[in-house]
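The following exercises introduce a protein structure to a new reader. Please work through each task before reading its solution.

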Amino acid sequence: MPRQLFPYSGRFVTMSRILLVLLLCCSTAQLDAQNYRSVSWQDIQQLAESEPDTLTIINFWATWCKPCIAEMPYLDALADGINGIPVRVVFVSVDDEQRRATALEPFLERRTLQGEVWSLENGYPYDWIDRIEPEWSGAIPASIFIVGSKKRFFEQELDAAALQQIVNQFIHP
């Protein structure tokens, strides 16, 4: 009987196929989950200055904040644009580092958001709160609306009617 050069090759091929199928399944599941980007307060400042012809909405929120979660669908609906005006919605999570894996990631797996999700590297909050917005006490939800040099800050929950009024002020000044 001839001797096999690779006596385990049949099992190796079978195990390789099983591993490949598992990897594909896992990667497909990961594609469905919303990704987030870890950022510093400097990234937020750059965002605020980056797109002069776009209505940029920067919303600060956390997974434990019920008013923040309540306003998300209204803000997210604006990501499609308004009457031909481009809109960029960026949800900036202020969840601390420990809550990213235990709360933020599972939260994003359960939801589909059109807007971008950023996670602020918190550091010491009073280092960045005033730099982002001097009027901000640090309470959330908080949102900044920016078009060119026009900027408005809101430290409150925004419902659909309030958002419509704010957006109209930017579209029809």
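**Exercise 1.** Why is the disulfide of C65 and C68 described as right-handed or left-handed, and which of the two applies?

*Solution.* The model is predicted. A search of the whole structure finds one disulfide, and this bond links C65 to C68 with an S to S distance of 2.3 Å. The torsion about their S-S bond is about 75°, so the disulfide is right-handed. As for the surroundings, buried means under 20% relative accessible area. C65 has 4% relative accessibility and therefore counts as buried. C68, at 0%, also counts as buried.

**Exercise 2.** Determine how strand 2 is covered and which strands it pairs with.

*Solution.* Strand 2 spans residues 55-61, and seven of its seven residues are buried. In a regular strand, side chains alternate between the two faces of the sheet. On one side of strand 2 lie L55, I57, N59 and W61, and on the other T56, I58 and F60; both faces are covered. Next, consider the partners. Strand 3 (residues 87-93) runs parallel to strand 2 and is joined to it by seven bridges, with L55 opposite V87. Strand 5 (residues 142-147) runs antiparallel to strand 2, with five bridges; there, F145 is the bridge partner of I57. Finally, strand 2, helix 3 and strand 3 form a right-handed β-α-β unit.

**Exercise 3.** Identify where confidence is lowest and where it is highest.

*Solution.* The mean pLDDT of the protein is 80, and 77% of the residues score at least 70. Confidence is lowest in helix 1 (residues 9-32), with a mean of 45, and highest in helix 3 (residues 66-77), with 96. Over residues 18-33 the pLDDT is below 50, and this stretch has two contacts beyond near neighbours in sequence. Where pLDDT is low, the predicted coordinates should not be read in detail.

Conventions:
Residues numbered from 1 in each chain as written. Heavy atoms only, no water. Disulfide = S-S within 2.5 Å. Buried < 20%, exposed > 50% of the residue type's maximum accessible area, 1.4 Å probe, protein only. pLDDT = per-residue confidence, 0-100. Helix = DSSP H or I, 4+ residues; strand = E, 2+ residues; numbered from the N terminus. Contact = heavy atoms within 4.5 Å. Pairing = 2+ DSSP bridges. Right-handed = clockwise from strand over helix to strand, strands pointing away.
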